[in-house]
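Student: Could you walk me through one part of this protein up close? I'd like to look at a single residue and then see what is around the rest of the chain.

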Amino acid sequence: VAAAAVVWVRRAGVPLAVLGHAALMPIGFLLAASVPLAVSLRETPGAWWPVPQVDAASLGLAAHTLVRAMAVLTCTLALALTTPVDDLAWLAGRAGVPMSVVHTGLAVHRFLFHFTRTLATLHAAQRARLGFVGWQGTVRSLGLISANLFGQSMAGAEALARGVAARGGLSFSRRHHHPCSVIRLALIIGAGLLAAVAGAVA
């Protein structure tokens, strides 16, 4: 994982702050999820409830699971931080994925950015109005943000859906499909598995 981070920063040009921000939450989730694997509850004579214990077997299981999960996270972040989504869509089309699925995935990807941008704008507007001063003001501001966010998100999703439909992306007719290439799809899946295995071994 450390070697992959060095490659991203030095060779791929990924800023260290961006890498840390993207990996912080998943790493925290993995660390928190590994704690129940390392701690086991066992019944002890004379105790009213199971006593938490840590032994070598549970620590080994937690460490093995954490390392494998970190390897998968490394491959996922490498793909997300170095490959534009348009290239992924082109690769999916070349692999034989129906264009309706590709266009829908691109629409969902753009909608996520629209959603986060709208949320940031509404939050900044409420902060400028001192809407988060006091408990009652915070609750009121959160209610206003939620109501406005729902309406604007629905409008943005409808606009994106119209754009995809105008390009024929929501039509599931076979004339809009590329013939599925089993060989290409197998090569892509094999490359992904090899990357995951390489990350797990590292």
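Tutor: Sure, let's start with Thr-74. In this predicted model, Thr-74 has a relative accessibility of 13%, so it counts as buried, the cut-off being under 20%. You'll find Thr-74 in helix H3, which covers residues 56-82. Now look for Ala-23: along the chain, Thr-74 and Ala-23 are 51 residues apart, yet 8.8 Å separates their C-alpha atoms.

Let's zoom out for a moment. The protein has 202 residues, and buried ones make up 18% of them. Its secondary structure comes to seven helices and two strands. Reading from the N terminus, the order is α-α-β-β-α-α-α-α-α.

For a contrast with Thr-74, try Val-39. This residue sits in the loop between helix H2 (16-38) and strand E1 (40-42). Val-39 has a relative accessible area of 32%, so it is partly exposed, a label for values between 20% and 50%. Val-39 also belongs to a nonpolar surface patch of about 440 Å². Its partners in that patch are Val-35, Leu-41, Val-54 and Leu-59.

One last stop is the second largest pocket, which holds about 190 Å³ of space. Its lining is made of His-109, Leu-112, Phe-113 and Thr-116. Sort those by type and you get two nonpolar residues, two polar ones and no charged ones.

Conventions:
Residues are numbered from 1 along each chain as its sequence is written. This is a predicted model: local features need pLDDT of at least 70, side-chain atom pairs count only at pLDDT 80 or more; totals for chains, interfaces and linings use all residues. Side-chain values use heavy atoms; hydrogens and water are left out. On a 1 Å grid over the protein atoms alone, a cavity is a set of points where a 1.4 Å probe fits but cannot get out, and a pocket is an open set with protein on both sides within 12 Å along at least five of seven lines; lining residues have an atom within 4 Å of a point. Grid points are joined across faces, edges and corners, and a volume is the space filled by probe spheres set on the points. Ala, Val, Leu, Ile, Met, Phe, Trp, Tyr, Cys and Pro count as nonpolar, Asp, Glu, Lys and Arg as charged, and the others, Gly among them, as polar. Patches are made of residues with over 30% relative accessible area and no salt bridge: like charges are joined within 9 Å, nonpolar side chains (Val, Leu, Ile, Met, Phe, Trp, Tyr) within 5 Å. Accessible areas come from the Shrake-Rupley method with a 1.4 Å probe; for residues, only the protein chains shown count as cover. A salt bridge is a side-chain nitrogen of Lys or Arg within 4 Å of a carboxyl oxygen of Asp or Glu. Helices (H or I, at least four residues) and strands (E, at least two) are DSSP runs, numbered from the N terminus. Buried means under 20% relative accessible area, exposed over 50%, partly exposed in between (1.4 Å probe, protein chains only).
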